[in-house]
Amino acid sequence: MDTIMFCIAHVSLILICILFFIVIGLKVKNKLRRYFTTFCVEVFIWLFSVLAQKYCADFGYTDTGWIMFFENLTYVGISLIPASMLIICSSFVPSKGGKKINRHIFYVIPALTQIVIWTNPLHHMFYVSYDYFDKNGILLGWYFYLHVIYSYACLIIGIYYVFSFALNSKGNSHWQAILIGIGTVTPFVVNICYTFNIGNFFTIFSTPIAFTITILAYFLGIFRFNLLRITPIAMRTVIDLSSELYIVFDEYMNILDFNEPFSRIFSHLANFKRNENLTNVLNKKNETGISAEDLCRVIETCRDSRTAITKDFTLIDGKEIKNYSAEFTPLIIDNAYCGCILLLSDITQAIRYTEEIKRNQKMLIEQERLASLGQLMGGLAHNFKTPIMAISGRTENLKVLIEEYEESLSDSEVTVNDYIEIAQEMKQELEKIRSHLSYMSDIITTVKDQTVKFTVRTQGEFFTVGDLVKRVNILMQHELIRHNCELAYEIAGDETAVNGIAINGEINALVQVIDNIIMNAIQAYNGVKGKIRLKISQTPKTVDFSICDDAGGIPKDIQKKLFNQMITSKGKDGTGLGLYISFSTVVGIFDGKIWFDSIEGQGTEFFISIPFEADVSDVKHSCNE
């Protein structure tokens, strides 16, 4: 049995050398690769030293100096290997609280072991006595047991780490963990059997030979499951973050892994296969509608910037259009880029909901506008009644004058001056009719413009403050009379100059804002006679409006939400859209400001500040140039 083990040890030594050079030759440059190369060197030292002892004994070099030298040399590997395997296994466990573990601390006890064993003749803490040819003649010191306890503790913790991860993972990560676990457990069990004389076939070569299983497991992990291509903690991150679809690439854009939902959705659109390059896969078959160049460009940007990138993609699957939000997350391990995780979330339904919300919001806004127009239409009859009656009276006067003119044609006493007087009276009646028609035309134009949807602010489109006040007065006149309220105008400074201020934008939008605030004030009086004051003033850069009432103020719980939410104090009679739209209009269309000051139980004053360009004459002059 000893001879067989001796031969197998040579095979193990060769395998270790092969694995070492394979790992060294890999393009991957990260700390996990260094841990494996260190592990290979440690196992090599152990096996080489055990074989060297055997050769010394077989060739007659029984001098205890050489035997003891190689015995001490074996512990370079024996003491360091458990710590190295713990470091490899701990790669499967994420750091708690984002704190990095300084893994070099695991080598403190092995380093102390080296000092103790090489200085053993001075203190005999490791060996009290040692005999290579007679195992019963070996007496162990107290430090030896400390070394054994620490080594077994490292291996047990490492085994726990790796198998815990294996039970909670799938795909390549699962098999990586299983292989690492088998490679760790095998020499651990063999060493326990040898140390405690369990079984008759375990020799001094048994434990290092057991690492042949470890080597074979790592061989399989490297070539079959991309061990070393990306660390297990990265794969664990994928599983933790992935709620729907994920695919993982290494630093060379080779596909490492993807989950079942991803395969189910994309397999018939592109032949995604593990261990194949992304570009080659998409060049062979790509029915996703996503450009391979665009996808690779985003991954390269993610790699170079080392920041997560979010991008939306539209996927055409037959007749169905799906929208996905793709998050590209770089895998940065020990400050080195190791690959990229692509997380995909189906946002098709979310987009549909958003579009439906936008449609509903537009409908609500239009309903609010129509409600306002309903109030305006109620006042049309009143606004048209006065000028129509006046025009009717003027036409009767014209009829009388025409009849008088016809009768005077056969009257020789009628002079030329009489005819001139009749003609002048006719002209006066026509002028009065024209003024009434102009007033009716203003009403029609104002109401018609209010039915047009608002657009964004248009450069070069101006209106004057005077035009604004005129339209407000026309539109609100009926409501004021109907609710027994009075609208008082107050213009600070030169009235002509203020009325001539030119504002850039759409007049209808600002008319609706002011009308809405006035209407709120009217309704706040709740049928009681009240007064509303519209004050207009100017600063060097703005024209300022103030609408003030004494109708009792706005409740404090509503004041905080007035412009930010669609809220109303009118109960079922209000929608809450009026001031919400007013705020958006003033800020979004006119680049202005709107705010209010309200004292509950007293009254409310709204303030609107709009930047202006110049007075109307300057605007016309500029346009003519």
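Guide: Let's start with a rule: two strands pair if DSSP finds at least two bridges between them. Keep in mind that this is a predicted model. One spot to look at is threonine 542, which stands opposite proline 611 in S14.

Visitor: How do you know that strand S12 and S14 pair?

Guide: Count the bridges: strand S12 (residues 542-549) and S14 are joined by eight of them, in the antiparallel sense. The rule asks for at least two, so the two strands pair.

Visitor: And what makes S13 and S14 a pair?

Guide: Seven bridges join strand S13 (residues 593-599) to S14, and the two run antiparallel. Again the cut-off is at least two bridges, so they pair. One of the matches puts tryptophan 595 across from phenylalanine 607 in S14. S13 and S14 form a hairpin with three residues between them, and glycine 601 in the turn has a positive phi of about 95°.

Visitor: Why is strand S14 described as mostly covered?

Guide: Strand S14 (residues 603-611) has nine residues, and seven of them are buried. Buried here means under 20% relative accessible area.

Visitor: Phenylalanine 607 sits in that strand; why is phenylalanine 607 called partly exposed?

Guide: Its relative accessible area is 21%. Buried ends at 20% and exposed starts over 50%, so phenylalanine 607 falls in between. Tryptophan 595, at 41%, counts as partly exposed too.

Visitor: Why is the pair of tryptophan 595 and phenylalanine 607 called stacked?

Guide: The ring centres lie 5.4 Å apart, and the planes meet at 15°. A pair needs centres within 6.5 Å, and stacked needs planes under 30 degrees apart, so the label fits. Tryptophan 595 belongs to strand S13 and phenylalanine 607 to strand S14, twelve residues apart.

Visitor: What makes phenylalanine 69 and tryptophan 118 edge-to-face?

Guide: There are 20 aromatic pairs in the structure. In this one the distance is 5.7 Å centre to centre, with 65° between the planes. The distance is within 6.5 Å and the angle is over 60, so the pair is edge-to-face. Phenylalanine 69 is in helix H3 and tryptophan 118 in helix H4, so to speak of distant parts of the chain is fair: they are 49 residues apart.

Visitor: How do you know that phenylalanine 69 and tryptophan 118 are partly exposed?

Guide: Phenylalanine 69 has 36% relative accessibility, and tryptophan 118 has a relative accessible area of 36%. That value lies between the 20% and 50% limits, so both are partly exposed.

Visitor: Staying in helix H4, why is glutamine 114 called buried?

Guide: Glutamine 114 has a relative accessible area of 15%, and the limit is under 20%, so it counts as buried. The residue is part of helix H4. Beyond four places in sequence, glutamine 114 is in contact with Tyr75, Val76 and Ser79. Tyrosine 75 is 39 residues away in sequence, yet the C-alpha to C-alpha distance is 7.3 Å.

Visitor: Which residues have the most contacts inside the largest nonpolar core?

Guide: Tyr75 turns up again there, together with Phe39, Val43, Ile81, Phe126, Phe205 and Phe211. This core has 52 residues. Helices H1, H2, H3, H4, H6, H7 and H8 each give two or more residues to this core. H3 gives the most, with 14 residues. Phenylalanine 126 touches Tyr75, Thr113, Val116 and Leu140, among others further than four places away in sequence. Apart from this core lies another, of 44 residues, including Leu475, Cys485, Ile503 and Ile536.

Visitor: Which residues do ring pairs link into a cluster?

Guide: Tyr75 and Phe126 are in there too, along with Tyr127, Tyr130, Trp142, Tyr143, Phe144 and Tyr145.

Visitor: What makes strands S4 and S5 the edges of their sheet?

Guide: The open sheet has five strands in the order S4-S3-S7-S6-S5, with antiparallel pairing. Strand S4 (255-258) and strand S5 (309-317) each have a single partner strand, so one side of each has no neighbour in the sheet. From one strand to the next, the twist averages 25°. Strand S6 (residues 320-333) and strand S7 (residues 336-346) pair over ten bridges, and tyrosine 324 has aspartate 346 in S7 as its bridge partner.

Visitor: How many disulfides are there?

Guide: The count is zero: no pair of cysteine sulfur atoms lies within 2.5 Å. Cysteine 56 is buried at 10% relative accessible area, and cysteine 548 is buried at 10% as well.

Methods:
Residues numbered from 1 in each chain as written. Predicted model: local features only at pLDDT ≥ 70, side-chain atom pairs only at ≥ 80, totals over all residues. Heavy atoms only, no water. Core = buried A, V, L, I, M, F, W, Y, C linked by side-chain atoms within 4.5 Å. Buried < 20%, exposed > 50% of the residue type's maximum accessible area, 1.4 Å probe, protein only. Helix = DSSP H or I, 4+ residues; strand = E, 2+ residues; numbered from the N terminus. Contact = heavy atoms within 4.5 Å. Axes fitted to C-alpha atoms, helices over the stretch in contact; angles between N-to-C directions. Phe/Tyr/Trp six-rings, centres within 6.5 Å; stacked < 30°, edge-to-face > 60°.
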